[in-house]
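Reader: Hey, can you walk me through this one? I'd like the chain contacts, then a strand and a loop residue.

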Amino acid sequence: MGRLNRGDEPAAGGGTIRVTVEVFMRFRGQSYYRGEEEVPAGTTLGELATHLGLADDEAVAWILGGRYRPDDTPLSDGDEVCYIYRSEGGENKQQK
Amino acid sequence: MEIVDKLLRVNLSSGAMESAALPEAYRLLGGRSLTSRIVSDEVDPLSDPLGPRNKLVWAPGLLSGTTLSSSSRISVGGKSPLTGGIKEANAGGETGIYLAQAGYRAVVVEGEAAAWQVLVIEADGSARLEDAPAETMGAGTSAIAASLFARYGQQAALAICGPAGEQGMLIAGVTNTDKERRASRLNARGGLGAVMGAKRLRALVVRGNLRRAPANAEPERWKDAAKAYVKALREHPSTARFYPDIGTAGVLELVNKLGGLPTRNFAAGQFEGAAKISGARMRELILERGGEGMTTHACMTGCAIRCSNVFADAQGKEIASSMEFETHGLFGSNLGIDDFDAIAHFTRLCNDLGVDTIETGGAIGIVMAAGLVQWGDAAAVMKLLDEDIRRGTPLGRIIGQGAGIAGKVLGVRRVPVVKNQTISAYDPRAIKGNGVTYCTTAMGADHTAGNTIAWRGDHLDPQGKVALSRTMQVASTLLDLFGFCNFARGLMETARAAFVELVNARLGSDLTWDDLERHAVELNRLEIDFNRRAGLGPATDRLPEWMTAEPLAPHNSLFDVPAEEMARIWDD
């Protein structure tokens, strides 16, 4: 399980949430990765992507609960976030 | 330098043939723009699509035949016997590059022959008709290709009418050979293979040596623009990494996650076996098995994207090329099948029959929904393809007429078609932008007319999907005009100027991007006008009603983009 600290803020037990992360590309030594991350409450989708090192890859899309969501969407305890390659060309950065 | 591309006109009824300079009115047209313009100008919209008054038009893109990567797609157009409207079906393979290098921007085939013919076009552009070899009758496309390559030599590209087209099946496409001479790349959609069969044209054989790239009006300008295009292609993640790694099948997990993967005749949007038929799994299997398998492969000479693949069995022997997302969707999840080897065999059989895997998978989904075959029964599907369709049994002929007719014959109400054409592997209740494309393009349910899946927004929200679809339809129309593969679409954002420059350098024109976009909009209007004249009114521009009433799991979504908004898509 990974852990994200937000700045100097300690990731104390009561102030954290757990989310399930699914990555459909090579990640942490695996071709397909599924695991849990513990992050401070209030962490957004974009911050989680940055923490995982996936935010800078233009080819990667992230999906929360089966839908694309904007970067600033706050995560909730028990959320499932999926990282996956986009395809079919076509840039559109409306929500990223 | 003045560019003089040619148009070849062949009348199969009389045997008359004429090769002439492309009319001035068509100077800026190529690919779909040219096929649709010729069909609109010359084909009576009320004509029988399987009769002698329909025409079949082949057109490479404006930039085809050059050394530019992914630029030699081939468009085939005509009046569709499946939709009853105008149709353009697009394919890779070698036909586009050979035809462009023979100097042709278009080949128009008219009438119908008394006996099966082969149209042979030489590298210098000369052409002739010959009787089709007897051994090609009733044969699969692989055997037909072997026969024709033996007769006309290996330095050729073939566009073949296979056994399904020969039987007049509306699931039939036109099968092109790839770089290694496999009969494997189809102008799949809309039943144009049945039109070719009705004309008794067994094949187009284009001979050449791939050393005669078409001239450019402004070579220096071309060189700079080509450099910019290649740079963008090498840098864009889709063309540099995604497609070379896992091909089109790589989109399957994404569509499944978004809840839009057709499952058991579009009854659900997520498939429990998705991981087993994904692009990532395909890559793993190909690498594990080795032998003749290839994770990346170019279907046409000079393609640097190399999204194609060769899938081998456990002994490393090739089963099929190429494994594609749409086949995994319509023959995999849509039929409840998660066996990769089975899907590879379906691919091989569909290539050999010369059929569209979307329409055929959709029709077999109807057969399963009718209870004639159990969901997930791969062996039964194999039999439907290799025996029923190939031999033309009554059930094979029903499937051969596509999902719409199969639904009517078998009494299945839930039929996933628009204008009688099976919906691609993006359920429009979850991928709503694609639903708008299915409804508003003249082409029927065809994702290649404007696929919105790459858009990183909420696909379930109906807001903004008409504008999104229009943007993607314009982009796809232009890619078809140029001859580029749809996967070059991302480069239109990062290297837009290069696209304009390439066209201008090739033709000696001074078009702007706005000019090109205007052209794309006008072309779509022209195609819709043909459909209206053919009797396809606005009532045909919609999804089946059950998709607006039957919630799709897991999101329980319906298609709810307002019809009035869709009707205004091509307004200024």
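Author: Here is a short chat about the interface, one strand and one loop residue.

Author: This is a predicted model, where local features need pLDDT of at least 70, side-chain atom pairs count only at pLDDT 80 or more, and totals for chains, interfaces and linings use all residues. Residues are numbered from 1 along each chain as its sequence is written, chains are lettered from A and ligands numbered from 1 in the order in which they are written, and side-chain values use heavy atoms, with hydrogens and water left out.

Reader: Cool. How many residues of chain A are in contact with chain B?

Author: 27 residues of chain A touch 29 residues of chain B, where contact means heavy atoms within 4.5 Å.

Reader: And what area is buried between chain A and chain B?

Author: About 2700 Å², with 55% of that from carbon and sulfur atoms. Buried area here is the accessible area (1.4 Å probe) that two parts lose on being put together, summed over both.

Reader: How many salt bridges across that interface?

Author: The rule finds two, a salt bridge being a side-chain nitrogen of Lys or Arg within 4 Å of a carboxyl oxygen of Asp or Glu. One of them joins K257(B) and E22(A), at 2.7 Å from N to O.

Reader: Which elements of chain A give two or more residues to that side?

Author: Those are β4 (60-64), β5 (67-68) and β6 (80-85) of chain A. Strands are DSSP runs (E, at least two residues) and helices are runs of H or I with at least four, numbered from the N terminus.

Reader: Switching to β2 of chain A: what covers how much of it, I mean, how many of its residues are buried?

Author: Seven of the eight residues in β2 (16-23) of chain A are buried, meaning under 20% relative accessible area (exposed is over 50%, partly exposed in between; 1.4 Å probe, protein chains only).

Reader: Which strands does β2(A) pair with?

Author: β2(A) runs antiparallel to β3 (33-40) of chain A, with eight bridges, and parallel to β6(A), with four bridges. Two strands pair if DSSP finds at least two bridges between them. V23(A) has Y33(A) as its bridge partner in β3(A), while T20(A) sits opposite E80(A) in β6(A).

Reader: Last one, where is T441(B)?

Author: In the loop between α16 (432-440) and α17 (465-482) of chain B.

Reader: Is T441(B) buried or exposed?

Author: Buried, with a relative accessible area of 0%. Leaving aside neighbours within four places in sequence, T441(B) is in contact with R32(B), K419(B), A449(B) and Q473(B).
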